[in-house]
Amino acid sequence: MAVAVDVRLPTVLRSQAGGQSIVTVKASTIGDVLRELVSEFPGMSGQLLNDDGSLHRFVNVYVNDDDVRYLESLETPVREGDEVSLLPAVAGG
Amino acid sequence: MASHRSILDLVGNTPLVEVSELSPNPAARLFVKLEGQNPSGSVKDRVALAMVEDAEKAGLLRPGEPGQVLIEPSSGNTGIGLALVCRVKGYHLKVVLPSNVSPERRQLLEVWGAEIIESPGGEGSNGAVRMARDIAAGHAEWVFLYQYANPANPRVHYEQTGPEIWRDCPEVTHFVAGLGTSGTLLGIGRYLKERNPSVQIWAVEPPAGEIVDGLRSLDDGFIPPIFDELGGAALLDRKTVVRPRESVEWVRRLADSGVFAGLSSGAAMAGAARCAAQLPPGAQAAIVVVCADAGWKYLSSGAWTGDIDEVAERARSTIYF
């Protein structure tokens, strides 16, 4: 069932969302969240998902601070009140 | 105790200390590996020494010959470790360093005579990597060790740090460390999984991408080549992001146990605490956490004594991984 979740956007994506740092979408999985974002903000197309619908290599997606690649990836469920964060892949060291 | 011929002989073999009094779950014991005990003060001494010795064995660097130059991108610790090794061995080091690192990192680079080339802070470490690659491409006579793709980086952790942990804590069930180049996680993680496949490997990272405002698009993102080449995605069991406030809270808790650790260690401890709190009922755990460096380089941040909101806000715009 689709629920409302807040999505925190990194600086690099905010211009595609009219400068907003947090947007709210209705979704039941992480895949839904990303498809909703692309549908609402077409400028994000190609940055979040590849043409085949898989997660873009350079975006990290977190549900309540856990990277979804190590959960159930795009099938990771979201629940009411969850916070989703998007972050670009960044080096350290 | 025997004396040592060189400070470089003191790299590695760091102590493991139990801090289970900080665990949120009595069924989970916590141990910290104090990498700040290395000669330049961080886990990166191991990597720096291994990369330089590899380059010497390959003939890329020739000990004793004057005028040899190395260039390396670093947010601090690798540069500092290399600066120490290069000073002892007589090589000239240029470090491409993002402008928004703590002032102590610059000072330590200067202690050992490294030349600093500043990269835009808004581009984070990704910008430093890009700039160093561009500069290195124009200077084939310089040695570019490139920690993000250098196999000596994960290998030294597989050959040394992992066995040290297994020797000191064979009951380890979970291993937690920060994700920067991924060398620590890949090397230690692979070693521990080979000894006991049920050991869980947790990566912790800062929300660094939030402060990086100099990227044009997500296509400017960066994944270390060693992470892909060594199957990092398959090796890690969990990856969790820890925000600056929680990192500061945990360096303060570590200080309650007498452990003076850097901000990335606070983040790693916060990850370990999540791991402990999520154990299934009835499970016992021994969680080993790498404390990548000590607190000295963060004194100017006020992490231990300042108002926590102000400290966390300042940490938001500082690179500490």
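Helix α1 of chain B, residues 44-57 in this predicted model, offers a simple check on its own geometry: at 1.5 Å a residue its 14 residues should span 20 Å, and because its end C-alpha atoms are 20 Å apart, the expectation and the model agree. The helix is mostly covered, with ten of its 14 residues buried. Among the buried positions are B:K44, B:D45 and B:R46 as well as B:V47, B:A48 and B:L49, and the elements that cover the buried residues of α1(B) include α2 (77-89), β6 (143-144), α5 and α6 (183-195) of chain B. After the helix comes B:G59, whose phi is positive, near 80 degrees.

From this helix one can step back to the division of the chain. Chain B is split into domain 1, made up of 7-37 + 154-316, and domain 2, which covers 44-144. The C-alpha centres of these two domains of chain B are 24 Å apart, and their contact involves 25 residues from domain 1 and 20 residues from domain 2. On the domain 1 side of that contact, helix α5 (residues 152-168) of chain B gives the largest share, five residues. Sorted by class, the domain 1 side consists of twelve nonpolar, eight polar and five charged residues.

A sheet in chain B comes next. Four strands of chain B form an open sheet in the order β5-β4-β3-β6, with parallel pairing, and its edge strands, each pairing on one side only, are β5 (115-119) and β6. Within this sheet, strand β4 (residues 92-98) of chain B pairs with β5(B) in the parallel sense over five bridges, and B:L97 has B:E118 in β5(B) as its bridge partner.

Another set of strand pairings centres on strand β10 (residues 285-291) of chain B, which is mostly covered, with six of its seven residues buried. Strand β2 (residues 28-34) of chain B pairs with β10(B) in the parallel sense over seven bridges, and B:F31 stands opposite B:V288 there. Strand β7 (residues 174-178) of chain B also runs parallel to β10(B), joined to it by three bridges, and the partner of B:V176 in β10(B) is B:V289.

What does B:V289 touch, leaving aside its neighbours within four places in sequence? Its contacts are B:L30, B:F31, B:V32, B:K33, B:V176, B:A268, B:M269 and B:A272. In soluble globular proteins, nonpolar side chains tend to be buried together. Here the largest nonpolar core has 127 residues, and B:V289 is one of those with the most contacts inside it, a group that also includes A:V33, B:F175, B:V176, B:A268, B:A272 and B:I287. Helix α11 (residues 263-277) of chain B contributes the largest share of this core, nine residues, while each of domain 1 and domain 2 of chain B supplies at least three residues to the core.

The presence of A:V33 in that list leads to the contact between the chains, in which 34 residues of chain B meet 22 residues of chain A. On the chain B side, the elements that give two or more residues are α4 (124-137), α7 (208-211) and β9 (238-241). By class, this side of chain B has 15 nonpolar, 13 polar and six charged residues.

Technical notes
Residues are numbered from 1 along each chain as its sequence is written. Chains are lettered from A and ligands numbered from 1 in the order in which they are written. This is a predicted model: local features need pLDDT of at least 70, side-chain atom pairs count only at pLDDT 80 or more; totals for chains, interfaces and linings use all residues. Domain bounds come from an automatic or database domain assignment. Two residues are in contact if their C-beta atoms, placed from the backbone, lie within 7 Å. Ala, Val, Leu, Ile, Met, Phe, Trp, Tyr, Cys and Pro count as nonpolar, Asp, Glu, Lys and Arg as charged, and the others, Gly among them, as polar. The expected span of a helix is 1.5 Å times one less than its number of residues. A residue is buried if 20 or more other C-beta atoms lie within 10 Å of its own, exposed if 12 or fewer, and partly exposed in between; C-beta atoms are placed from the backbone. A nonpolar core is a set of buried Ala, Val, Leu, Ile, Met, Phe, Trp, Tyr and Cys residues joined through C-beta atoms within 7 Å. Two strands pair if DSSP finds at least two bridges between them.
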